[in-house]
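Trainee: Before I rely on the labels attached to a model like this, could you take me through how each one is earned?

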Amino acid sequence: MDLISLIILLAKILIIMFGVLVLGAAMAVLAERRVSAFIQERLGPNRVGPGGIIQPFADVVKLVMKEDIVPVQANRFIHDMAPIISISVALSTFAIIPFGNSIELFGRQIKLIIADVDIGILYLLALTSIGVYGVSLAGWSSNNKYSLLGGLRSSAQLISYELSMGLSLIGVLMISSTLRLDRIVLLQTEYFWGIIPKWNIFLQPLGFITFVIAAFAETNRLPFDLPEAEPELVGGYHTEYTGMKFGLFFLAEYANVIASSAVTVTLFLGGWHLPYVDQLGISPFILSLLQILTFLVKVILLVLFFIVVRWTIPRFRYDQLMHIGWKVMLPVAIANFLITGLIMLFR
Amino acid sequence: MKTYGPIIRKKDLTLLQKSYIPEILKGLRMTIGQMFKPTFTSQFPEERFKPEPSFRGRPVLVTEQGVERCVACGLCARVCPSLAIEVQAGETELMKERYPVKFEINMLRCIFCGFCEEVCPEEAIIMSNDYLLVFSSQEEALFGKERLLKSTEELKERLEFLRNHR
């Protein structure tokens, strides 16, 4: 690898990390607070900066200034490691997400994906299973019954839903016969009968629904937020966390929401594909900028969907959670890929 | 009164109802519709809440042509459940013959019950619509006569309300 491509890679990493962590996660926190306020006929934080734009940064300053408290009997090393695992796993997911096709800058063709690897989806599934460690280690090392219960619930929940998540992805893998995410997006840029874009949501509606539900469970968002169920578990796995260590868990949650939205967009909603515009003959540079914008808009809409769902649906009971995970989601996901396989066999 | 029978939980839901999806969409429609409704929040320091005349704010002494109506009978001090009022009477050359030399309300003790207003035979102490009470020390919370006086013009709405509703 020559020096220039290394610099380009570093630039991509820096832009993505900055965009996701500073703009993405912070704005998602703000959006959560303001959208929930609008739903409840309030205004939400609107004092710091125009429309409250700087509020999340003020929150971060507050969190950094706070005292870092570690419980006496806690395992100090693991207690410090847990939030680091959470945030780094949440951010590593973005390495394989294509946020555009390719762009020509200074005479070089740059692919808009950080790690152009062959095993894209496997990497994704591997990372989501590492993500469990952040939460369960946080619960284990705090030496607190609420934290421990939160961590245990989280590991049980994530293991149950990872199965249906993986199985609902198999349908997509079968019709696109590749694990590379950029190939999967490229396959979605075609059209049915020249009109309807060939997005995977139209080919795999069942897979899409199961994947989105599993994504809610994987990110510990509201219908499935049992690991941090406030009325029963105080704060769940992060009860004993203060200051910026708590802030890291908080940011990791929103980074995870953005990551799941980005993955869903890439796999099911056509990624950066903006229908009909690619036939108009716009110059390739503007077209690739438009594609990046399309991807961002799709991700933002999905993040807003995550937020609105949180303020709509009440929390499941634990037995309902397990019932849905094992008795509904798993059979539906299996049926989905069986049907896909049968259709592919007899066509 | 309408009576309700035992709650019957429907067991024979259709497959579509069991999948929750239409119900979730209904809920989402409601929350998204809720987002575009006007909010009830008022932006406090810029936008002040103007209380109705029935509002019981801090108690004040009514003055007519610069002289308080109070005749220092002490009924308010007597009725005050939290012992917030202290009155000392003195003699005066005016028609009312008595006036309060000292009239002090401890605003940390006051519970805004309005008993003093109810018991006052002269309509001299009434509840105003002033609700912004901020102190930085115990001494500041002792409101003497000079801070309690308010003219009839300022209290017109409350006086009118008391006349109509008592």
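Mentor: What follows is a set of questions about labels, each answered by setting a value against its definition. The model is predicted, so local features need pLDDT of at least 70 and side-chain atom pairs count only at pLDDT 80 or more, while totals for chains, interfaces and linings use all residues. Residues are numbered from 1 along each chain as its sequence is written, with chains lettered from A and ligands numbered from 1 in the order in which they are written.

Trainee: Why is Leu248(A) called buried?

Mentor: A residue is buried if 20 or more other C-beta atoms lie within 10 Å of its own, exposed if 12 or fewer, and partly exposed in between, with C-beta atoms placed from the backbone. Leu248(A) has 23 C-beta neighbours inside 10 Å, and therefore it counts as buried. Leu248(A) belongs to helix α10 (residues 243–268) of chain A, where a helix is a DSSP run of H or I with at least four residues, a strand is a run of E with at least two, and both are numbered from the N terminus.

Trainee: Which residues does Leu248(A) touch, leaving out those up to four places away in sequence?

Mentor: They are Pro83(A), Ser86(A) and Ile87(A), a contact being two C-beta atoms, placed from the backbone, within 7 Å. The C-alpha atoms of Leu248(A) and Ser88(A) are separated by 9.7 Å, although these residues are 160 apart along the chain.

Trainee: What makes Arg221(A) partly exposed?

Mentor: Arg221(A) has 19 other C-beta atoms within 10 Å, a value in the range between the two cut-offs, and so it is partly exposed. Arg221(A) sits in the loop between α8 and α9 (230–233) of chain A and, leaving aside neighbours within four places in sequence, is in contact with Phe216(A), Val257(A), Phe306(A) and Arg310(A).

Trainee: How do you know that the length of helix α4 (residues 120–141) of chain A agrees with expectation?

Mentor: The expected span is 1.5 Å times one less than the number of residues. For the 22 residues of α4(A) that should be 32 Å, and because the end C-alpha atoms are 32 Å apart, the two values agree. Just after α4(A), Asn143(A) takes a positive phi of about 55 degrees.

Trainee: What makes a positive phi worth pointing out, and which label does Glu97(B) earn for exposure?

Mentor: Most residues other than glycine have a negative phi. Glu97(B) is not a glycine, yet its phi is positive at about 65 degrees. Glu97(B) has 10 other C-beta atoms within 10 Å, and therefore it is exposed. Glu41(A), in the loop between α1 (3–39) and α2 (55–65) of chain A, has a positive phi of about 60 degrees, but with 13 other C-beta atoms within 10 Å it is partly exposed.

Trainee: How do you know that strand β3 (residues 85–91) and strand β4 (residues 98–106) of chain B pair?

Mentor: Two strands pair if DSSP finds at least two bridges between them, and seven bridges join β3(B) to β4(B), so the requirement is met, with the strands running antiparallel. Val87(B) stands opposite Phe103(B), and Glu91(B) stands opposite Arg98(B). The hairpin of these strands has six residues between them, and Glu97(B) is where the positive phi occurs.

Trainee: Why are β3 and β6 of chain B called edge strands?

Mentor: β4(B) also pairs with strand β6 (residues 142–143) of chain B, in the antiparallel sense over two bridges, where Asn106(B) has Leu142(B) as its bridge partner. The three strands form an open, antiparallel sheet in the order β3-β4-β6. Its edge strands are β3 and β6 of chain B, each of which pairs on one side only.

Trainee: How many residues does each chain give to the contact between them?

Mentor: Chain B gives 11 residues and chain A gives 11 residues. The chain B side has five nonpolar, five polar and one charged residues, where Ala, Val, Leu, Ile, Met, Phe, Trp, Tyr, Cys and Pro count as nonpolar, Asp, Glu, Lys and Arg as charged, and the others, Gly among them, as polar.
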